[in-house]
Amino acid sequence: MTSKRSSQMARHSWLVVLAAIAMGLSAAAHAAGEAGASPKSGLPVPRFVSLKPDRVNVRGGPTRDHDVTFVYTRAGLPVEITAESDNWRRIRDWEGSEGWVYHSLLSGRRTAVVTPKFKTELVSLHDQADTEAPVIARVQSGVLATVKRCTGSWCHVAGPHFDGWVVQEQLWGVYPNEKVE
């Protein structure tokens, strides 16, 4: 009987260990922000969107009762949705600032910010998706662009005085290897 009881206890201990591992893996996947469909919108989280109006209040939590922690004053700025709660979206910008905004203040229009390896570096825009193609412009860090298309390694972007192709890794607002049509 003692042998049977110790066998049951050992089996129970293994089940507890396996349950703890499963819970830990689930929490790690959630914390890492693995893409999956959100139960609120049905869209993937995380995902990139842009700010719709020129003025967007960012709050400390997902209700109007939470304090405004900062205000964006630039329509079209790309942000990454990292979580959803009812009609609220937790967002992060290209500098790492985070907070909650009401969903109607966001647009599905894709934009990106030019982010070279070094802030003082200029990023080359080519007339084709090829490093050997002629350079048609050089843009500074922080320049905002509309994303027209991405191949997974290059993006066709446009702004007020430019229209060309840039290496995708030099943009914030599209994921590495992401294709945008």
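Here are three short exercises on salt bridges, each with a worked solution.

This is a predicted model, where local features need pLDDT of at least 70, side-chain atom pairs count only at pLDDT 80 or more, and totals for chains, interfaces and linings use all residues. Residues are numbered from 1 along each chain as its sequence is written, and side-chain values use heavy atoms, with hydrogens and water left out.

**Exercise 1.** Find out how many salt bridges there are.

*Solution.* Start with the rule: a side-chain nitrogen of Lys or Arg has to lie within 4 Å of a carboxyl oxygen of Asp or Glu. Apply that rule and you get 6 salt bridges.

**Exercise 2.** Work out where the partners Arg47 and Glu84 sit along the chain, and whether Arg47 is buried or exposed.

*Solution.* First, check the pair: the closest N and O atoms of Arg47 and Glu84 are 2.9 Å apart, a salt bridge. Next, place the two partners: Arg47 is in strand β3 (residues 47-51) and Glu84 in strand β6 (residues 78-85), 37 residues apart. Strands here are DSSP runs (E, at least two residues), numbered from the N terminus. Last, look at accessibility, where buried means under 20% relative accessible area, exposed over 50%, and partly exposed in between (1.4 Å probe, protein chains only). Arg47 has 13%, so it's buried, and Glu84 is buried too, at 14%.

**Exercise 3.** Describe the salt bridge between Arg92 and Glu98, then name the residues joined into one network.

*Solution.* Arg92 and Glu98 meet at 3.4 Å, N to O. Arg92 is partly exposed at 28%, and Glu98 is partly exposed at 41%. As for the network, shared partners link Arg47, Glu84 and Arg89. Here Glu84 also pairs with Arg89, at 3.5 Å between the closest N and O atoms.

Note on methods:
Helices (H or I, at least four residues) and strands (E, at least two) are DSSP runs, numbered from the N terminus.
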